[in-house]
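Reader: I have a chain to look at and many questions. Can you take me through the model step by step?

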Amino acid sequence: MQQPNQRGFRQAQGPSPLAIRTKKNQLSSETYVRMALTEVWKREWWYALIPLVVLLLPAIFVFSWWLVAAAVLVTVLFVVLRSAQVQALAQHEQSKALFERVNFEIDQRHVLMKLNDKQGMNIPWEMIDRVHYKDGAYQLYLKTPENVEMPTGWRGWVARTFQVPMFLYLPTRIFNSPNDLKLFESMLRRKNLLPAEVKAAPAAAA
């Protein structure tokens, strides 16, 4: 039986002869936080306007600097707390495996993150929700928990509404050959994870 260690890695499975193997790469938690915050606020910027607008409405009828100050304060507090949520996830023990220096072994069954020859983390394709190609790298987004795994009540609503994106980060430069990169892209398209209209990534250096 494979036993996880404190970082979430298990005894590595035997390598598949057909697997695509990459060079080692490490996504720093700081880089992840910057990328995740950019994505979160591009998607959720309007949430920050809700307390601002709601608290400023009374000021239309009875102007008060206290109302203006309260509206700005609550808006800033929301932005700070949402940003802190993203940063906290990067520091969580269960997330640390995403920021280790690993190489990837990719086949039709899974994406295997290998810390070394004996330890690895298996990510089945069923756990990957979508893939984006941006700035010379693939971002493989992990699926969010099912509703049955969410807490109930208002905590469940908060968890569903304010989720933090988690992804595997695979720059094209870590692929060992242009052929490996093409095989990887072909695999993503067969699994309907990479839109057909997305152009192929530039060939990786040999």
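Reader: What share of the residues in the chain is buried?
Author: Buried means under 20% relative accessible area, exposed over 50%, and partly exposed in between, with a 1.4 Å probe and protein chains only. The chain has 206 residues. Of these, the buried share is 39%.

Reader: What should I know about the model before going on?
Author: This is a predicted model, where local features need pLDDT of at least 70, side-chain atom pairs count only at pLDDT 80 or more, and totals for chains, interfaces and linings use all residues. Residues are numbered from 1 along each chain as its sequence is written, and side-chain values use heavy atoms, with hydrogens and water left out.

Reader: How many helices and strands are there?
Author: Helices (H or I, at least four residues) and strands (E, at least two) are DSSP runs, numbered from the N terminus. From that end, the order is β-β-α-α-β-β-β-β-β-α-β-α. The chain holds four helices and eight strands.

Reader: Which strands form the open sheet of three, and in what order?
Author: Two strands pair if DSSP finds at least two bridges between them. In this open sheet the pairing is antiparallel. The edge strands, β6 (128-134) and β8 (167-171), each pair on one side only. The order is β6-β7-β8.

Reader: Which residue is the bridge partner of glutamine 139?
Author: Strand β7 covers residues 137-142. Five antiparallel bridges join β7 and β8. In β8, the partner of glutamine 139 is tyrosine 169.

Reader: What angle does helix α1 make with β8?
Author: Axes are lines fitted to C-alpha atoms, for helices over the stretch in contact, and angles run from 0 to 180 degrees between N-to-C directions. Helix α1 spans residues 29-61 and lies across β6, β7 and β8. Its angle to β8 is about 115°.

Reader: Which helix packs on the sheet at about 35° to β7?
Author: The helix in question covers residues 178-190. It touches β6, β7 and β8, where contact means heavy atoms within 4.5 Å. This helix is α4.

Reader: Which element gives the most to the largest nonpolar core?
Author: A nonpolar core is a set of buried Ala, Val, Leu, Ile, Met, Phe, Trp, Tyr and Cys residues joined through side-chain atoms within 4.5 Å. The largest has 42 residues, and Tyr32, Ile106, Trp125, Leu140, Leu170 and Phe184 touch the most other members. With seven residues, the top contributor is α1.

Reader: Which residues does leucine 170 contact, beyond its neighbours within four places in sequence?
Author: Leu170 is among the core residues that touch the most other members. Its contacts beyond those neighbours are Phe104, Ile106, Ala137, Tyr138, Leu140, Phe175 and Phe184.

Reader: What is the volume of the largest cavity?
Author: On a 1 Å grid over the protein atoms alone, a cavity is a set of points where a 1.4 Å probe fits but cannot get out, and a pocket is an open set with protein on both sides within 12 Å along at least five of seven lines; lining residues have an atom within 4 Å of a point. Grid points are joined across faces, edges and corners, and a volume is the space filled by probe spheres set on the points. The structure holds two cavities of 30 Å³ or more. The largest has a volume of about 80 Å³.

Reader: Which element gives the most to the lining of the largest cavity?
Author: The lining includes Phe104, Met113, Phe167, Leu168 and Tyr169. With three residues, the element that gives the most is β8.

Reader: Which element has the largest share of the lining of the second largest pocket?
Author: This pocket holds about 290 Å³ of space. Of its 13 lining residues, Met35, Glu39, Lys134, Gln139 and Tyr141 are the closest to its centre. The largest share, five residues, comes from α1.

Reader: Is aspartate 135 buried or exposed?
Author: Aspartate 135 is found in the loop between β6 and β7. It has a positive phi of about 50°, although it is not a glycine. With a relative accessible area of 69%, aspartate 135 is exposed.
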